[in-house]
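Welcome, and please get your viewer ready. We will go from the whole chain to single side chains, one selection at a time.

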Amino acid sequence: MTFPRTNPRGPRTTARLRVAALVALPVLALAVGCGGDDSAVGTRSDAVADVPRTPTAGTTKDAGGPSAPPAGKSAFYDAQLKYVQCMRVKGGYKDFPDPRLSGYLDWDKVNEIGSQPGRNEGIKGGRNGACVTELRAAMDAEPERDQQKSYESMLAHAKCMRDNGVSRFTNPTMSGGNAQPGGDPNPASPSIDTDSPAYKKARKACESKLLYGLDGMQ
């Protein structure tokens with residue numbers, strides 16, 4: 001995965017900034033063609049993840065469908081579920097996991113899928129951007145969060161990643177009252193190998209530093 005008070009428009013602004021990066025890969029793939037063998041089944045990050053006011057750690061299985069979300073999370077959960085369903089039917093990732101009861105994606109499972117050979121293409125928004133509309137809707141429906149706490153959490157995580165060998169991992173920043181995640185210094189041309197054993201080991205060691213729901217952002 002320090003500054004002013006929470007901006008009530010924070011989640012929307014952050015979501016729009018993040019979705020631009022998410023959409024870029026599938027659109028590029030549509031223009032120049034996809035690489036890798038993705039034909040086996042449908043295919044790691046997110047809809048942008050975030051911190052709910054009342055974290056809920058429950059997960060659900062496909063059989064029988066997911067349980068009802070907690071009160072106050074219904075709109076976000078429903079929007080996220082539509083995104084997940086699109087990813088399974090149109091996006092090319094038949095095994096895309098159910099959202100958690102809080103509405104946020106289960107990033108451990110999503111990242112595991114994306115780490116499989118030939119399956120990272122389109123993991124955000126579906127192959128050829130098939131589920132970008134649903135992704136944007138889920139982002140727009142996510143609940144507000146405390147930007148100060150999000151920043152502090154991501155900062156602690158970034159420091160931990162560097163302490164554990166990922167020296168290029170950058171700190172988060174604050175822009176317009178919104179916490180912007182750190183990570184690779186040049187996402188357009190990544191210099192950090194997120195598939196390397198060293199990175200995965202550091203990620204595991206530092207995962208507790210991120211507040212619930214931020215694991216898909218940084």
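What follows is a short tour of this predicted model.

**The whole chain**

Begin with a cartoon view of everything. You should find six helices and two strands in the protein chain, and their order along the sequence is α-α-α-α-α-β-β-α. Now switch on the surface. The accessible area of the protein chain is about 10,600 Å², with 53% of that belonging to carbon and sulfur atoms. Of the 218 residues in the chain, 47% are buried.

**The charged pairs**

Next, show the side chains of Lys, Arg, Asp and Glu. How many salt bridges does a search of the whole structure find? There are five. As background, side chains of opposite charge can pair when their charged atoms come close.

**Stop one: Asp98 and Arg88**

Select Asp98 and Arg88, whose side chains form a salt bridge at 2.7 Å, N to O. This pair links distant parts of the chain: Arg88 belongs to helix α2, while Asp98 sits in the loop between α2 (74-89) and α3 (107-114), 10 residues apart. Is Asp98 buried or exposed? Asp98 counts as buried because its relative accessible area is 8%, below the 20% cut-off.

**Stop two: Asp95 and Arg119**

Stay with the loop and select Asp95 together with Arg119; their side chains meet in a salt bridge of 2.9 Å, N to O. Here, too, distant parts of the chain are linked: Asp95 is in the loop between α2 and α3, and Arg119 is in the loop between α3 and α4 (132-141), 24 residues apart. Colour the two by accessibility and compare the partners. Asp95 is partly exposed at 34% relative accessible area, whereas Arg119 is buried at 6%.

**Stop three: Lys109 and Asp106**

Now pick Lys109 and Asp106. Their salt bridge has its closest N and O atoms 3.9 Å apart. Add Arg100 to the selection, and you have one network in which salt bridges with shared partners join Arg100, Asp106 and Lys109. Within this network, Asp106 is buried, at 5% relative accessibility, and Lys109 is partly exposed, at 32%.

**Last stop: Ala156**

Finally, move to helix α5 (residues 147-163) and select Ala156. Ala156 is partly exposed because its relative accessible area of 32% falls between the cut-offs of 20% and 50%. Then add Lys209 and draw a C-alpha to C-alpha distance: Ala156 and Lys209 are 6.1 Å apart in space, yet 53 residues apart in sequence.

Terms used: Residues numbered from 1 in each chain as written. Predicted model: local features only at pLDDT ≥ 70, side-chain atom pairs only at ≥ 80, totals over all residues. Heavy atoms only, no water. Helix = DSSP H or I, 4+ residues; strand = E, 2+ residues; numbered from the N terminus. Buried < 20%, exposed > 50% of the residue type's maximum accessible area, 1.4 Å probe, protein only. Salt bridge = Lys/Arg side-chain N within 4 Å of Asp/Glu carboxyl O. Areas by Shrake-Rupley, 256 points an atom, 1.4 Å probe, with all protein chains shown as cover.
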